[in-house]
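Grab a pencil and work through these exercises with the structure open beside you. Try each task before you read its solution.

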Amino acid sequence: MKVQNSILDPSLNDVINDYVEETLDINERFEFENFLSSHKKLRAFVHKSKMGKKIARNSYSVRAANDFEEKLARRIARERESKELK
Amino acid sequence: MNSLSKKQLRTFSDEDLMESFQAGYDEAFDILVARFKDRLHNFLYRYTHNHQDCEDLVQETFLRVYRSKHSYERVAKLSTWMYTIALNLAKSLYKKKQRMQTITIHEDETDPDDQPLKLEDTTILQDDSLHEKMCMNELEKALMQLSENFREVVILRDIQQLAYDEIAEITGLPMGTVKSRINRGRAQLQELLEHHVYPETISV
């Protein structure tokens, strides 16, 4: 794994992404963390991205209302009726 | 064509269900609605921030699936096709609302009916759940503050937990752009919320 020092570098973007998604193997992770230790700005960015992921995954989920399917079935029935009338 | 029972249909993959629906089994559509209704609500709510708009968009997504069932081809995952329809509808609504805002007279703060809808009930909460609720509200606000380019990929990845290749297909973006936007969107989300304490995100 060769890490280039530019946030615009696509391969660096891939590595950041894999690091945050925790898909790097142990050697790659070690190499990347070693690289980050000497690149303060990049390290801060990666840290923010990692925290941002954790925050977003902490979000609550929104569910459909109990009568959602009933309402949809009524709309479909209305639509079919009006087509049949035509 | 052998007749299929609802029990058999329930064991089908999404794509097999869609093919059954195309072949005339309306029960297959009902099963797809049951499978996708919560996922689509969870996705579209992040665009609308309004339960009624969200429900309308989910209904419209399913109506389009119903009407255009024959335009689905198995080359794509069914979920990709559905999310693409939902995302396009959400973007149209967003644009429409933006246009409307430019001609809308400001909200009347004295009118109790002219207030933003509360997300959940307003019953008294324990300290912990109150803190959690405040955090969630801040998170929702921060998601809305992200630029549309960042918001859509962060929602698709971290809230809907879709795979990267599916996100690339839904958004029509190259994989590199998807990854870069997700990295930057997540970082921006953290910046927007850095003064809020999320128990899971405290650095050691």
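**Exercise 1. Find out what share of the residues in chain A is buried, and describe how the chain is built.**

Keep in mind that this is a predicted model.

Step 1. Start with burial: of the 86 residues in chain A, 36% are buried. To count as buried, a residue needs a relative accessible area under 20%.

Step 2. Next, the secondary structure. Chain A has four helices and zero strands, so its pattern along the sequence reads α-α-α-α.

Step 3. Now look at the contacts in chain A with a separation of 6 or more: 49% of them are between residues 24 or more positions apart.

Step 4. Finish with the surface. Chain A exposes about 5,700 Å², and 48% of that comes from carbon and sulfur atoms.

**Exercise 2. Say where Glu22(A) sits and what its phi value is.**

Step 1. Recall the general rule: most residues other than glycine have a negative phi.

Step 2. Check the angle. Glu22(A) has a phi near 60°, which is positive even though the residue isn't glycine.

Step 3. Place the residue on the chain. Glu22(A) belongs to the loop between α1 (10-20) and α2 (26-37) of chain A.

Step 4. Is Glu22(A) buried or exposed? Its relative accessibility is 58%, so Glu22(A) counts as exposed.

Step 5. Try the idea on chain B. Gln161(B) also isn't glycine, and its phi is positive too, near 55°. You'll find Gln161(B) in the loop between α7 (148-159) and α8 (164-171) of chain B.

**Exercise 3. Describe how chain A and chain B meet.**

Step 1. Count the residues: 34 from chain A are in contact with 46 from chain B.

Step 2. Look at the area. An interface's size is often given as the accessible area lost when the parts come together. For chain A and chain B, about 3,900 Å² is buried between them, with 55% of it on carbon and sulfur atoms.

Step 3. Add up the pairings. There are eleven salt bridges between chain A and chain B. The two chains also have 22 residue pairs in polar contact, counting pairs with both residues at pLDDT 80 or more.

Step 4. Which elements of chain A give two or more residues to the side that touches chain B? They are α1, α3 (40-57) and α4 (68-85). The largest share, eleven residues, comes from α3(A).

Step 5. Sort that side of chain A by class, and you get 13 nonpolar, eight polar and 13 charged residues.

**Exercise 4. Track down some salt bridges that join the two chains.**

Step 1. Here's the idea behind them: side chains of opposite charge can pair when their charged atoms come close.

Step 2. Begin with Lys179(B) and Asp14(A), whose side chains meet in a salt bridge at 3.8 Å, N to O. That's inside the 4 Å cut-off. Lys179(B) lies in helix α9 (residues 175-192) of chain B and Asp14(A) in helix α1 of chain A, so this pair joins two chains. Lys179(B) is buried at 15% relative accessibility, while Asp14(A) is partly exposed at 30%.

Step 3. Move on to Lys48(A) and Glu191(B), a salt bridge whose closest N and O atoms are 2.7 Å apart. Lys48(A) is in helix α3 of chain A and Glu191(B) is in helix α9 of chain B, so here again two chains are joined. Lys48(A) is partly exposed at 23%, and Glu191(B) is partly exposed at 37%.

Step 4. Spot a network, too: salt bridges link Glu21(A), Arg57(A), Arg157(B), Asp158(B) and Arg186(B).

**Exercise 5. Work out where Thr61(B) sits and which residues it touches.**

Step 1. Find the element: Thr61(B) is in helix α4 (residues 51-67) of chain B.

Step 2. Check the burial. Thr61(B) has a relative accessible area of 0%, so Thr61(B) is buried.

Step 3. List the neighbors. Leaving out residues up to four places away in sequence, Thr61(B) touches Leu40(B), Leu44(B), Met82(B), Ile85(B), Ala86(B) and Leu89(B).

Conventions. Residues are numbered from 1 along each chain as its sequence is written. Chains are lettered from A and ligands numbered from 1 in the order in which they are written. This is a predicted model: local features need pLDDT of at least 70, side-chain atom pairs count only at pLDDT 80 or more; totals for chains, interfaces and linings use all residues. Side-chain values use heavy atoms; hydrogens and water are left out. Buried means under 20% relative accessible area, exposed over 50%, partly exposed in between (1.4 Å probe, protein chains only). Contact means heavy atoms within 4.5 Å. Accessible areas come from the Shrake-Rupley method with a 1.4 Å probe; for residues, only the protein chains shown count as cover. Buried area is the accessible area (1.4 Å probe) that two parts lose on being put together, summed over both. A polar contact is a pair of N or O atoms within 3.5 Å; within protein, one must be able to donate a hydrogen and the other to accept it, and residues adjacent in sequence count only if both atoms are side-chain atoms. Ala, Val, Leu, Ile, Met, Phe, Trp, Tyr, Cys and Pro count as nonpolar, Asp, Glu, Lys and Arg as charged, and the others, Gly among them, as polar.
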